[in-house]
Amino acid sequence: MTTSIAASVTPLPWEDTPTPNTGASAKGERTNVLAIAGGTASGKSTLAEALALRRPHAVALIHLDDFYVPTHDPRRGVRTLNAAGAETLDWNHPGSIDEDAAAAAIGAAAASGEHRILVVEGLFALALPKIAVHATWSVYVDAPDDIRLARKMLRKIETQGKDPVISLRNYLLSGRERHAEHVEPSRDRADLVLDGTMPTGDLLTAVDALVGPRLAASRDLKRA
């Protein structure tokens, strides 16, 4: 279970004093990138959004879910047969992400220097080479398969109002295998592995400990 995180005005150890009105980093300074990966419903989106909510002027957020190829374009992405026997985009395969478009968006946001940190979150944030290469730090949010599946089904029922039967069948048909093949291996590439069942506040504290020293050192170097 996660906890809600309210916006705070207390300076964090890694933060520079924001530029008036914008909170932007010094002009010309490249934004540091924090890549957050993990399985479906592991808690990665919750963590990323909490980071952005707590420091909206210092943290920018990119969701890789926004870069799936169009579902109606049969020439792009990876196709699969779902549990109902219909051909559909394979949402659990990294080949269904427009990697070039995502990398271009990340590169542009990082080059702008408008924020202290750019958070990039998604299933394949550490699995796609053109995405992972931008990462200053990498985090993998881990959670047991049964908890992730239960969270996903609750979301389908409570938030989306959908019958979870097809989702469960799709999970047994390919979702579980895709996670093991494409998502879970990126756990070994992460600088930090977090327990997605922990309260969000504890996860934020762990991220602060990861990113803080480097950003603080960078800040002190500029002021020297």
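In this predicted model, the protein holds 6 helices and 7 strands, and read from the N terminus these elements follow the order β-α-β-β-β-α-β-α-β-α-α-β-α. Of the 224 residues in the protein, 44% are buried, while the accessible surface comes to about 11,500 Å², with carbon and sulfur atoms contributing 55% of that area. Among contacts with a separation of 6 or more, 79% join residues that lie 24 or more positions apart in the protein.

The largest nonpolar core has 26 residues, and the members that touch the most others within this core are L118, V120, F124 and I131. Two or more residues of this core come from each of β1 (32–38), β2 (59–63), α2 and β5 (117–121), and the largest share, 4 residues, is supplied by α2. Apart from this core lies another one of 20 residues, which includes I36, L51, V59 and L194. In soluble globular proteins, nonpolar side chains tend to be buried together.

F124, already named as a member of the largest core, also touches a series of residues beyond its sequence neighbours: leaving out residues up to four places away, its contacts are L64, Y68, W91, N92, H93, P94, I97, H182 and V183.

One of these contacts, H93, sits in the loop between β4 (87–89) and α2 (99–112). Is H93 buried or exposed? With a relative accessible area of 18%, H93 counts as buried, because that value falls under the 20% limit. The side chain of H93 reaches the backbone nitrogen of G95 at 2.8 Å, and, with residues up to four places away in sequence set aside, H93 touches V78, F124, R178 and H182. H182 thus appears in the contacts of H93 and also in those of F124.

A second loop residue, A41, is placed between β1 and α1 (44–54). Its phi is near 65°, a positive value in a residue other than glycine. A41 is likewise buried, because its relative accessible area of 10% is under the 20% limit.

The two loop residues are set side by side below.

| Residue | Loop between | Relative accessible area |
|---|---|---|
| H93 | β4 (87–89) and α2 (99–112) | 18% |
| A41 | β1 and α1 (44–54) | 10% |

Terms used. Residues are numbered from 1 along each chain as its sequence is written. This is a predicted model: local features need pLDDT of at least 70, side-chain atom pairs count only at pLDDT 80 or more; totals for chains, interfaces and linings use all residues. Side-chain values use heavy atoms; hydrogens and water are left out. Buried means under 20% relative accessible area, exposed over 50%, partly exposed in between (1.4 Å probe, protein chains only). Contact means heavy atoms within 4.5 Å. Accessible areas come from the Shrake-Rupley method with a 1.4 Å probe; for residues, only the protein chains shown count as cover. A polar contact is a pair of N or O atoms within 3.5 Å; within protein, one must be able to donate a hydrogen and the other to accept it, and residues adjacent in sequence count only if both atoms are side-chain atoms. A nonpolar core is a set of buried Ala, Val, Leu, Ile, Met, Phe, Trp, Tyr and Cys residues joined through side-chain atoms within 4.5 Å.
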